[in-house]
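Please open the model in a viewer and keep the sequence panel in sight. The tour below proceeds by selection, with a short account of what is found at each stop.

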Amino acid sequence: MNLVLLGAPGAGKGTVAQELVAEFGVAHISTGDLLRAAVKGGTELGIQAKKYMDAGELVPDQLAIDLVKEPLAADDAQQGFILDGFPRNTAQAVTLDSELSAMGREIDCALLVDVAPEVIIDRLSSRRTCRACGYTGTAADATCPKCAGEMYQRDDDNEATVRNRLDVYEKSTSPLVDYYRGQGLLKSVNGDQARETVYGGVKEALGL
Ligand code: AMP
């Protein structure tokens with residue numbers, strides 16, 4: 001399984017990825033998670049990236065591309081990987097194709113988790129994430145239902161930043177739906193359903 005997850009911020013890509021990883025043991029490569037770890041660690045990359053992330057803008061392409069090269073080449077990605085949040089525009093998608101082809105590999109599916117923008121604004125304003133295990137829950141979760149860890153609200157999950165992230169998605173990322181459709185790789189699932197129903201649809205779409 002060499003999978004690209006497509007969908008607006010808050011569509012549920014991270015949740016789908018976590019479920020696939022738990023069931024199939026493939027590598028989960030999330031550029032958002034890698035960037036947040038760099039910000040938390042105070043690295044040079046994190047310092048550079050933070051201003052873009054806080055504004056809901058994309059970090060420069062080269063920075064995102066450099067970030068995925070190592071995890072893509074790592075041992076645990078050789079049996080398959082799920083790219084979550086990358087590529088975010090056509091330039092990144094083209095670079096990904098050529099990096100993979102240099103490794104003798106290719107994407108075998110791009111799965112769109114499809115959710116309408118008005119649903120996203122409500123979802124993201126109440127989204128809470130577990131600091132310990134990364135579980136995605138809501139404001140109703142006082143602690144993480146999976147590991148009892150502390151739930152927090154991401155800095156970029158406030159309404160103003162969410163609106164900009166959605167604009168950036170529409171302009172830069174949504175053209176990838178046609179890019180992968182053109183390659184015959186696009187599959188889609190309705191992401192505006194209960195978590196288990198979405199995951200059932202994902203497995204059906206992927207023929208799993
Ligand atoms: P995410 O967790 O995927 O919603 O990403 C959070 C933020 O990280 C985004 O709003 C961007 O600022 C940045 N980011 C994540 N992935 C990329 C990427 N592939 N290209 C550029 N910026 C990215």
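**First stop: the hairpin and its partners**

Begin with R128, whose bridge partner in strand 6 is G137. The model on display is a predicted one. Extend the selection to strand 5 (residues 127-130) and strand 6 (residues 136-138), which pair in the antiparallel sense over three bridges. These two strands form a hairpin with five residues between them. Within that turn, select G134, which has a positive phi of about 85 degrees.

Next, add strand 7 (residues 151-152), which is joined to strand 5 by two bridges, also in the antiparallel sense. The residue to pick in strand 7 is M151, the bridge partner of C130.

Display the side chains of strand 5. R127 and T129 point one way, whereas R128 and C130 point the other way. Are these residues buried or exposed? All four, R127, R128, T129 and C130, are buried. As background, side chains in a regular strand alternate between the two faces of the sheet.

**Second stop: the parallel sheet**

Now select strands 1, 2, 3, 4 and 8. These five strands form an open sheet with parallel pairing, in the order 2-3-1-4-8. Strand 2 (27-30) and strand 8 (186-190) each have a single partner strand, so one side of each is left without a neighbour in the sheet. On average, neighbouring strands of this sheet are turned by 20 degrees against each other, direction ignored.

Centre the view on strand 1 (residues 2-6). How many of its five residues are buried? Five of the five are buried. Coverage extends to both faces of strand 1, with N2, V4 and L6 on one side and L3 and L5 on the other.

From strand 1, move to strand 3 (residues 81-84); the two pair in the parallel sense over four bridges. L3 stands opposite I82 there. Then move to strand 4, which also pairs with strand 1 in the parallel sense over four bridges. Here V4 has A110 as its bridge partner.

Keep A110 selected and continue outward to strand 8, where its bridge partner is L186. Strand 4 (residues 109-114) and strand 8 run parallel and are joined by five bridges.

**Third stop: helix 2 against helix 4**

Select helix 2 (residues 31-40) and helix 4 (residues 61-73). Their axes come within 10 Å and cross at roughly 100 degrees. The two helices are therefore roughly perpendicular to each other. Which residues meet between helix 2 and helix 4? On the helix 2 side they are T31, L34 and L35, and on the helix 4 side L63, A64, L67, V68 and P71. By class, this contact has seven nonpolar residues, one polar residue and no charged residues.

**Final stop: the two sides of helix 3**

Select helix 3 (residues 44-55) and highlight G46, A49 and M53, which are buried. These residues lie on the same side of helix 3 because they cover an arc of only 75 degrees around the axis. An α-helix has 3.6 residues a turn, so residues three or four places apart point the same way.

To see what covers the buried residues of helix 3, show its surroundings, which include helix 2 and helix 7 (159-173). Then rotate to the other side of helix 3, where E44, I47 and K51 are exposed. End the tour at G56, just after helix 3, which takes a positive phi of about 75 degrees.

Conventions. Residues are numbered from 1 along each chain as its sequence is written. This is a predicted model: local features need pLDDT of at least 70, side-chain atom pairs count only at pLDDT 80 or more; totals for chains, interfaces and linings use all residues. Side-chain values use heavy atoms; hydrogens and water are left out. Two strands pair if DSSP finds at least two bridges between them. Axes are lines fitted to C-alpha atoms, for helices over the stretch in contact, and angles run from 0 to 180 degrees between N-to-C directions. Buried means under 20% relative accessible area, exposed over 50%, partly exposed in between (1.4 Å probe, protein chains only). Angles under 35 degrees count as roughly parallel, over 145 as roughly antiparallel, 65 to 115 as roughly perpendicular and the rest as oblique. Contact means heavy atoms within 4.5 Å. Ala, Val, Leu, Ile, Met, Phe, Trp, Tyr, Cys and Pro count as nonpolar, Asp, Glu, Lys and Arg as charged, and the others, Gly among them, as polar. The arc is that of the directions from the helix axis to the C-beta atoms.
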